[in-house]
Amino acid sequence: MRISVIGCGYLGAVHAACMAELGHDVIGVDVDQAKIDALSEGRAPFFEPGLPELLKAEHGRLRFTTDISEVSHARVHFVAVGTPQLEGSNAADMRFVDASIDALLPHIGPGHLVVGKSTVPVGTAARLAEKVEATGAELAWNPEFLREGFAVSDTLTPDRLVYGVRRGDDRASDVLDEVYRRPLSTGTPRIITDYATAELVKVSANAFLATKISFINAMAEIAEVTGADVTTLADAIGHDARIGRRFLNAGVGFGGGCLPKDIRAFQARAEELGVGHALAFLDDVDQVNLRRRQRVLDLITDALGTELAGRTVAVLGVTFKPDSDDVRDSPALDIAARLALRGVRVKATDPEGIETARAKVPSLDYHPSARDAVAGAEVVTVLTEWREFRELDPREVSTWTDARTIIDGRNCLDAGAWRAAGWTYHGLGRP
Ligand SMILES: NC(=O)c1ccc[n+]([C@@H]2O[C@H](COP(=O)([O-])OP(=O)(O)OC[C@H]3O[C@@H](n4cnc5c(N)ncnc54)[C@H](O)[C@@H]3O)[C@@H](O)[C@H]2O)c1
Ligand SMILES: O=c1ccn([C@@H]2O[C@H](COP(=O)(O)OP(=O)(O)O[C@H]3O[C@H](CO)[C@@H](O)[C@H](O)[C@H]3O)[C@@H](O)[C@H]2O)c(=O)[nH]1
């Protein structure tokens, strides 16, 4: 099929490359010239495992452009532009979705299907359908559930596909079935529903995941005043199949370009709809999450005293999660930036996130390796659980620095091994 993908960021670039991998002819469009230049040269504009390989092996089926008129050759148009949090509000900023749909309209007509992938407030698809249908084209909403770090495999082998279509629009579902023929042939569940349900599936999934993380982080707060260990608690409750162990890792909490802004936008939309009370708990989910960042700052103050100016702290990991260079709403980078604001010399490192972090928080002292970052530090913190930090040998780290206080913001280290090597170990929600 001939496909266009409008918006080539973390979602769109992966989607475009994966659609080519599935055998489709794909044109990716973005307004960001630098991104398009990189993609056109076969370079991934951000770090995502597996994406460079797909960009190289595109078999002549993948092109990128800033010229939206080139989409007229395609028949299926995925919209994957950003929906960030509006400044000064919890709501989603819909400017990019609206602008991309307006830009598409002159180039589509009967036989074209526009497919929204961006995460949007419920009601968006119904609003946009009027514009799209006025050209003779159709609209579907096909929310995306990929995780950064696993974006390629999540797109090629999704755990489910959701199509939001106009009631009775079999053609839109048939076209999407054709697009996703390969994953469907391996038994991927597919749910065909209306626009509102599809939009809500997406934000409710993220709200549930955020709630699960904040639940365990709330237990961490209780563990901290009772001497209990939240990691053992998570293992124990996780054995109950109704609860499950995944997404019960207590630590500095959730960040990224999705969960934080999505739970806020969901609340904002519920308020607009007059049912804000139904999602009032998401405010607590957000607050529990943000308190975990303060907890790390408190542990550092406990170790160094309240006068932090002039002290030196090593921060291992600045991205919002491992295997990504994404620092959007990163708890790690937020903690580092708040330390720097208090006059701390923050020696930060990250396997892939130094440049993205530097662009946002230039005031940190960035280093290429953990060894360089910990040298001269008085406290060492691990704030993103990259494998190379999880596997640090505490005896070796002891030869790089005089520091003997380690704060494990992701509960990802072997506490016993660090203590045995002479370190004072602090996890989150652990004795
Ligand atoms: N990142 C993820 O893991 C992920 C997963 C599922 C869903 N989503 C959702 O997908 C959407 C995109 O997220 P992202 O992380 O890829 O954001 P992003 O900021 O990385 O990418 C958005 C891209 O859209 C481009 N853009 C903006 N206006 C445009 C226009 N008018 N025409 C063409 N391109 C335009 C931007 O230049 C940018 O490259 C959001 O709604 C997000 O919530 C993201
Ligand atoms: O037990 C856990 C699990 C995750 N996290 C944190 O939660 C955040 C989000 O993690 P994850 O959900 O793996 O990353 P994303 O790539 O942001 O993916 C989420 O957001 C995407 C965009 O909407 C969705 O498509 C995905 O399904 C959804 O998992 C990260 O900061 C993690 O460190 C925890 O603190 N504890």
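This passage describes a predicted model of a protein, moving from the overall fold to the residues listed in its database record and to the surroundings of its ligand.

The protein contains 18 helices and 14 strands, and its C-alpha atoms occupy a box of roughly 70 × 50 × 40 Å when the box is taken along the principal axes. The radius of gyration is 23 Å, which agrees with the value near 22 Å that a compact globule of 431 residues would have. Of these 431 residues, 48% count as buried. When contacts between residues at least 6 apart in sequence are considered, 70% of them join residues at least 24 apart.

The UniProt record, an unreviewed entry, lists Cys258 under "active site". This cysteine is placed in the loop between helix 10 (230-238) and helix 11 (259-272). Cysteine 258 is classed as buried because 27 other C-beta atoms lie within 10 Å, and the threshold for that class is 20 or more. Once its neighbours within four places in sequence are left aside, cysteine 258 is in contact with Thr119 and Asn206. Thr119 also appears among the residues closest to ligand 1, together with Gly7, Gly9, Leu11 and Ser118.

Ligand 1 is surrounded by 27 residues, and by class this shell is made up of 13 nonpolar, 9 polar and 5 charged residues. Helix 4 (residues 95-104) supplies the largest share of the shell, with 4 residues.

Helix 11 has 14 residues, and the distance from its first C-alpha to its last is 20 Å, close to the 20 Å expected at 1.5 Å a residue. Its buried residues are Leu259, Pro260, Lys261, Asp262, Ile263, Ala265, Phe266, Gln267 and Arg269, and the elements that cover them include helix 9 (195-226) and helix 12 (281-304). After helix 11 comes glycine 274, which has a positive phi near 80 degrees.

Under "binding site", the same unreviewed UniProt entry lists Phe145, Leu146, Arg147, Glu148, Lys202, Phe247, Leu248, Asn249, Ala250, Gly251, Gly255 and Lys321. These positions span 177 residues in sequence, and the farthest two of their C-alpha atoms are 24.5 Å apart, so they do not all gather at one spot. Two of the listed residues, Glu148 and Phe247, are described here in turn.

Glutamate 148 is located in the loop between strand 6 (138-141) and helix 6 (151-156). Glutamate 148 is buried, since 25 other C-beta atoms are found within 10 Å. With its neighbours within four places in sequence left aside, glutamate 148 is in contact with Tyr10, Glu48, Gly256, Lys321, Ser324 and Asp326, and one of these partners, Lys321, is itself listed under "binding site" in the record.

Phenylalanine 247 belongs to the loop between helix 10 and helix 11, which is also where cysteine 258 is placed. Phenylalanine 247 is partly exposed, because 16 other C-beta atoms lie within 10 Å, whereas cysteine 258 is buried, with 27. Leaving aside neighbours within four places in sequence, the contacts of phenylalanine 247 are Leu209, Lys212 and Ile213.

Notes. Residues are numbered from 1 along each chain as its sequence is written. Chains are lettered from A and ligands numbered from 1 in the order in which they are written. This is a predicted model: local features need pLDDT of at least 70, side-chain atom pairs count only at pLDDT 80 or more; totals for chains, interfaces and linings use all residues. UniProt positions are given in the numbering used here, feature names are shortened, and annotations may be inferred rather than shown by experiment. Helices (H or I, at least four residues) and strands (E, at least two) are DSSP runs, numbered from the N terminus. A residue is buried if 20 or more other C-beta atoms lie within 10 Å of its own, exposed if 12 or fewer, and partly exposed in between; C-beta atoms are placed from the backbone. Two residues are in contact if their C-beta atoms, placed from the backbone, lie within 7 Å. A residue is near a molecule or strand if its C-beta atom, placed from the backbone, lies within 6 Å of it. Ala, Val, Leu, Ile, Met, Phe, Trp, Tyr, Cys and Pro count as nonpolar, Asp, Glu, Lys and Arg as charged, and the others, Gly among them, as polar. The expected span of a helix is 1.5 Å times one less than its number of residues. The radius of gyration is taken over C-alpha atoms; the globule rule is 2.2 Å times the number of residues to the power 0.38.
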